[in-house]
Amino acid sequence: MHACGHEVVRRELRYVPAQYKVVEHVQTAYSCRNCEKNALATPMKKSEVPAGLLPGSGIVSPSLLAHILNNKYALALPLYRQEQEFQRIGVPADNGKLGDRHPREMV
């Protein structure tokens, strides 16, 4: 026998807990091999790395900032409780620093 049609019998809405992933941006240095062999001045170039979202923000990505601001303003979840949740699941969060990194001027 072979399949001759498909019918959706039922659909489920499945919950997948939040996932936090570390994205590393690697900067590679390049040099001229021919210049190295001939003992000439060796030009060096480095690949570009995307700039951080906010100066000094450390690990904050656009999606993480959107998550934090949504929790604070749409769900009324205070920053100190968000820090507690980050610490509970093993994401590094400095005590009391989340509010300092909060970009009030962007809101």
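Which helix is Asn71 found in? I'll start there and work outwards. Asn71 is found in helix H2. Everything I show comes from a predicted model.

First, the overall layout. The protein has four helices and two strands, and from the N terminus on the elements run β-α-β-α-α-α. There are 107 residues in the protein, and buried ones make up 18% of them. The protein exposes about 9,600 Å², with carbon and sulfur atoms supplying 54% of that area. On contacts, take those with a separation of 6 or more: residues 24 or more positions apart account for 27% of them.

Back to Asn71. Is this residue buried or exposed? Its relative accessible area is 10%, so Asn71 counts as buried; the cut-off for buried is under 20%. Leaving aside residues up to four places away in sequence, Asn71 touches Ala76, Leu77 and Gln82.

Gln82 takes us to helix H3, residues 79–88. The buried residues of H3 are Leu79, Gln82, Glu83 and Phe86. Viewed down the axis of H3, these residues fall within an arc of 105°, so they line one face of the helix. The general background is that an α-helix has 3.6 residues a turn, so residues three or four places apart point the same way. On the face of H3 turned away from the buried side are the exposed residues Tyr80 and Arg88. Just after H3 comes Gly90, with a positive phi of about 95°.

Now the core. Which residues make up the largest nonpolar core? There are six: Leu64, Ile68, Leu79, Phe86, Val91 and Ala93. Helices H2 and H3 each supply at least two residues of this core, with H2 spanning 62–74. As a general point, nonpolar side chains in soluble globular proteins tend to be buried together.

Phe86 deserves a second look. Phe86 is buried, at 6% relative accessible area, and it belongs to that core. The count of aromatic pairs comes to one. The pair is Tyr20 with Phe86, arranged edge-to-face, at 5.7 Å centre to centre and with 80° between the planes. It links distant parts of the chain, since Tyr20 is in the segment before strand S1 (29–31) and Phe86 is in helix H3, 66 residues apart. Tyr20 has 34% relative accessibility and so counts as partly exposed.

What does His67 touch, not counting residues up to four places away in sequence? The list is Tyr20, Gln82 and Phe86. So His67, which lies in helix H2, has contacts with both members of the aromatic pair. Its relative accessibility is 29%, and His67 therefore counts as partly exposed.

One more item from the same stretch of sequence: the charged end of Lys72 sits over the ring of Tyr73, 5.3 Å from the ring centre.

Last, a loop. Ser47 has its place between strand S2 (44–46) and H2. Val26 is 21 residues from Ser47 in sequence, and the two are 8.5 Å apart in space, C-alpha to C-alpha. Not counting residues up to four places away in sequence, Ser47 touches Val26, Gln27, Thr28 and Tyr30.

To recap: Asn71 touches Gln82, Gln82 is among the buried residues of H3, and Phe86 of H3 is paired with Tyr20.

Note on methods:
Residues numbered from 1 in each chain as written. Predicted model: local features only at pLDDT ≥ 70, side-chain atom pairs only at ≥ 80, totals over all residues. Heavy atoms only, no water. Buried < 20%, exposed > 50% of the residue type's maximum accessible area, 1.4 Å probe, protein only. Arc of directions from axis to C-beta. Core = buried A, V, L, I, M, F, W, Y, C linked by side-chain atoms within 4.5 Å. Phe/Tyr/Trp six-rings, centres within 6.5 Å; stacked < 30°, edge-to-face > 60°. Lys NZ or Arg CZ within 6 Å of the ring centre and 35° of its normal. Contact = heavy atoms within 4.5 Å. Areas by Shrake-Rupley, 256 points an atom, 1.4 Å probe, with all protein chains shown as cover.
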